[in-house]
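Student: Hi, I have a structure to look at and no idea where to begin. Can we go through it together?
Tutor: Sure, here it is.
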Amino acid sequence: MSTAGQVIRCKAAVAWEAGKPLSVEEIEVAPPQKNEVRVKIHFTSLCHTDVYFWEAKGQNPLFPRILGHEAGGVVESVGEGVMDVEPGDHVLPIFTGECKECPHCLSEASNMCDLLRINTERGGMLHDGQTRFSKDGKPIYHFLGTSTFSEYTVVHVGQVAKINPEAPLDKVCVLSCGMSTGFGATVNVAKPKKGGSVAVFGLGAVGLAAAEGARVCEASRIIGIDLNPNRFEEAKKFGCTEFVNPKDHNKPVQEVISEMTGGGVDCSIECTGSTQAMVSAFECVHDGWGVAVLVGVPSRDDSFKTHPIHFLNERTLRGTFFGNYKPLSDIPGVVEKYMKRELELDKFITHSVPFLDINKAFEYMLRGEGLRCMIRMDA
């Protein structure tokens, strides 16, 4: 029986207030409007960004809200004007988008869509500013345009990447955020050469994805830097060949790495958001050709200082957003890399819980256990 054009009642995990456990309850999901797609979510996972906004740290709190932005699902219905996907298509909802018309989308060099780039404070849909979620007639706000902690969600068509229907959604859904961010930072921006050396600052999920990118690029030395030595053994699975804990040394870590490598690494990827780590990542690359890439998001008022001589000595400092991937144009190709076994994803998924136990995923992350917890919507 078709549900197109009708309000759907389904379960969602609602964040009613900051820091309080999510409440799984029945809500209403309105039909998609112009340029919108309604998606049945099959699998979703928890990212640090979800936790950050659930805790309401450093930004304007917006509640009640349905969080979630790493997911895989199937299109249930489409709104007016939608041509790129149709009911039954397998898709990854993505926190940023691609309108295909703005200067950024028309540029091969950028993925910073003017219309659909990440907006953490928007609680409604672009079409009319209204929410598609409600409970007892009262609105529930959207998050990043995705809100995947719901059995059904409504997303702008420019934020759904149509993928190979043979791809397992419980694996490739992690490509809709963290894994692509770290992997793309290495392969698309740093671009290490075969046999080169790479330093990765921060060995969480994004940092390990960056290390995976270095492994795929066949770097010969992949140096993992982290304050938590318990992460080092796990990082070997992602290609890390050696490790540095800054707390073990009485000199700046960039000096340690420079001494280890005879002048510095070819590339570094910073995945912590710490401005101190950003400086270290830049100053540890080799003069003449070294490239440092910043991935981690700093606090709003942060800044850092480094001497201009590092630039004059031909070191390059770059930033990246979502690994420089265009969501609709590029992510289906990353999924194909997984299907061809050119990219490993299974090792990123360390826990799995049924949807009713979604708060356990938050507990795992707050305790620093594992990388990604897969949330099974049908379980």
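Tutor: We will take the sheets, then the spaces inside, then some odd spots in the backbone.

Student: What kind of model is this?
Tutor: This is a predicted model.

Student: Let's start with the parallel sheet. In what order do its strands come?
Tutor: The order is S12-S11-S10-S13-S14-S15. That makes an open sheet of 6 strands with parallel pairing.

Student: Which strands are at its edges?
Tutor: Strand S12 (242-244) and strand S15 (316-319) are the edge strands. Each of them pairs on one side only.

Student: And how much does this sheet twist?
Tutor: The twist averages 20° from one strand to the next.

Student: Zoom in on S11 and S12. How many bridges join them?
Tutor: There are 3 bridges between strand S11 (residues 221-225) and S12, and the two run parallel. In this pair, Ile-223 of the one faces Glu-242 in S12.

Student: Does a record say anything? What does UniProt annotate for residues 205-334?
Tutor: The UniProt entry, which is unreviewed, gives "domain: Alcohol dehydrogenase-like C-terminal" for residues 205-334. In the model, that span is 35% helix and 15% strand. Its end C-alpha atoms lie 17 Å apart.

Student: Next, the antiparallel sheet. What is its strand order?
Tutor: It goes S1-S2-S6-S7. This is an open sheet of 4 strands, and the pairing is antiparallel.

Student: Why is one side of S1 and of S7 left without a neighbour in the sheet?
Tutor: Strand S1 (8-14) and strand S7 (138-140) stand at the edges, so each has a single partner strand and one side left free of a neighbour in the sheet.

Student: By what angle are neighbouring strands turned here?
Tutor: By 50° on average, with direction ignored.

Student: What links S6 to S7?
Tutor: Strand S6 (residues 133-135) and S7 run antiparallel and are joined by 3 bridges. Phe-133 has Ile-140 in S7 as its bridge partner.

Student: Which strand pairs with S16?
Tutor: Strand S17 (residues 372-376) does. It pairs with strand S16 (residues 349-354) in the parallel sense, over 5 bridges. Val-353 stands opposite Ile-375 in S17.

Student: What do S16, H11 and S17 make together?
Tutor: A β-α-β unit, and it is right-handed. Helix H11 covers residues 358-366.

Student: New topic: holes. How many cavities of 30 Å³ or more are there?
Tutor: The count is 1. The largest cavity holds about 120 Å³ of space. Its lining has 14 residues, and the closest to its centre are Arg-122, Gly-124, Leu-144, Gly-145 and Gln-159.

Student: What classes of residue line the largest cavity?
Tutor: The lining has 6 nonpolar, 6 polar and 2 charged residues.

Student: And pockets? How much space lies in the second largest one?
Tutor: About 230 Å³. Of the 14 residues lining the second largest pocket, Glu-98, Cys-99, Glu-101, His-156 and Val-157 are the closest to its centre. By class, this lining divides into 6 nonpolar, 4 polar and 4 charged residues.

Student: Now the odd spots. Where is the cis peptide bond?
Tutor: It joins Phe-63 and Pro-64, with omega at about -5°. Pro-64 sits in the loop between helix H1 (48-54) and strand S4 (70-78).

Student: What about Asn-35: is its phi positive or negative?
Tutor: Positive, at about 60°, although Asn-35 is not a glycine. Its place is the loop between strand S2 (23-29) and strand S3 (36-45).

Definitions and conventions. Residues are numbered from 1 along each chain as its sequence is written. This is a predicted model: local features need pLDDT of at least 70, side-chain atom pairs count only at pLDDT 80 or more; totals for chains, interfaces and linings use all residues. Side-chain values use heavy atoms; hydrogens and water are left out. Two strands pair if DSSP finds at least two bridges between them. A crossover is right-handed if, with the strands pointing away from the viewer, the path from the first strand over the helix to the second runs clockwise. On a 1 Å grid over the protein atoms alone, a cavity is a set of points where a 1.4 Å probe fits but cannot get out, and a pocket is an open set with protein on both sides within 12 Å along at least five of seven lines; lining residues have an atom within 4 Å of a point. Grid points are joined across faces, edges and corners, and a volume is the space filled by probe spheres set on the points. Ala, Val, Leu, Ile, Met, Phe, Trp, Tyr, Cys and Pro count as nonpolar, Asp, Glu, Lys and Arg as charged, and the others, Gly among them, as polar. Axes are lines fitted to C-alpha atoms, for helices over the stretch in contact, and angles run from 0 to 180 degrees between N-to-C directions. UniProt positions are given in the numbering used here, feature names are shortened, and annotations may be inferred rather than shown by experiment.
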